[in-house]
Amino acid sequence: MEMLIGEFKNTLDEKGRILFPVKLRSVLEEKELMVTQGLDHCLMLFTLNEWAALSQKILGSASLFNDQKRLVLRRFIAPAQKIEFDKSGRLSIPQSLREYAGLKGECTILGINKYMELWDTESYNEYLEKTESSYLQAAESMGDIFL
């Protein structure tokens, strides 16, 4: 599978459906994705294969007797749902996940190689502003990978 990369904007309709970008959809081999609560109040979308590999790693390292690991299971694994593309290339985002991410109108879809993020555009722009100085520090810390 090719890399899932790019930044796209589309509108969530009143039924909770969003037209998925053709550039991302054309890379996918499957007509289904897994969607779950992401970090920073966005949604994370995975191919079924990527989700299976990641969830196996998480479940394999989880302990019912560890508070932090139970938290990850409850906040990341439990809310995950399988969604599929309709004939028009739209995804119907479950209401509970739309509420978690505050999706209400214009949305931003980010392709981040092995997974994708779905943001409310206003929230994403606020996140970018809030994290600008942290981003510069993070980029500087990775300076040794650039020639």
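Two strands pair if DSSP finds at least two bridges between them. Helices (H or I, at least four residues) and strands (E, at least two) are DSSP runs, numbered from the N terminus. With that settled, hello everyone, and let's look at the structure.

A quick word on the source: this is a predicted model, where local features need pLDDT of at least 70, side-chain atom pairs count only at pLDDT 80 or more, and totals for chains, interfaces and linings use all residues. Residues are numbered from 1 along each chain as its sequence is written, and side-chain values use heavy atoms, with hydrogens and water left out.

Let's start with the sheet. It is open, has 6 strands in the order 1-7-8-4-3-5, and its pairing is antiparallel. Which strands stand at the edges? Those are strand 1 (4-11) and strand 5 (81-84); each has a single partner strand, so one side of each is left without a neighbour in the sheet. On average, neighbouring strands are turned by 25 degrees against each other, direction ignored. For angles, axes are lines fitted to C-alpha atoms, for helices over the stretch in contact, and angles between N-to-C directions run from 0 to 180 degrees.

Now please find strand 4, residues 43-46. Its antiparallel pairing with strand 8, residues 115-120, has 4 bridges, and here F46 stands opposite Y115.

Two helices pack on this sheet, with contact meaning heavy atoms within 4.5 Å. Helix 3 (residues 67-77) touches strand 3 (32-37) and strand 4, and its direction makes about 130 degrees with that of strand 3. Helix 5 (residues 121-130) touches strand 1, strand 7 (106-113) and strand 8, making about 100 degrees with the direction of strand 8.

Is strand 3 largely enclosed or left open? It is largely enclosed by the rest of the structure, because 5 of its 6 residues are buried. Buried means under 20% relative accessible area, exposed over 50%, and partly exposed in between (1.4 Å probe, protein chains only). Strand 3 runs antiparallel to strand 5, joined by 4 bridges, with M34 opposite K82. Towards strand 4 there are also 4 bridges, again antiparallel, and T36 stands opposite M44.

Finally, some backbone angles. The hairpin of strand 3 and strand 4 has 5 residues between the strands, and D40 there takes a positive phi near 65 degrees. H41, in the loop between these two strands, has a positive phi of about 60 degrees although it is not a glycine; at 47% relative accessibility, H41 is partly exposed. Over in strand 7, N113 has a positive phi near 70 degrees and is partly exposed at 33%.

Thanks for listening!
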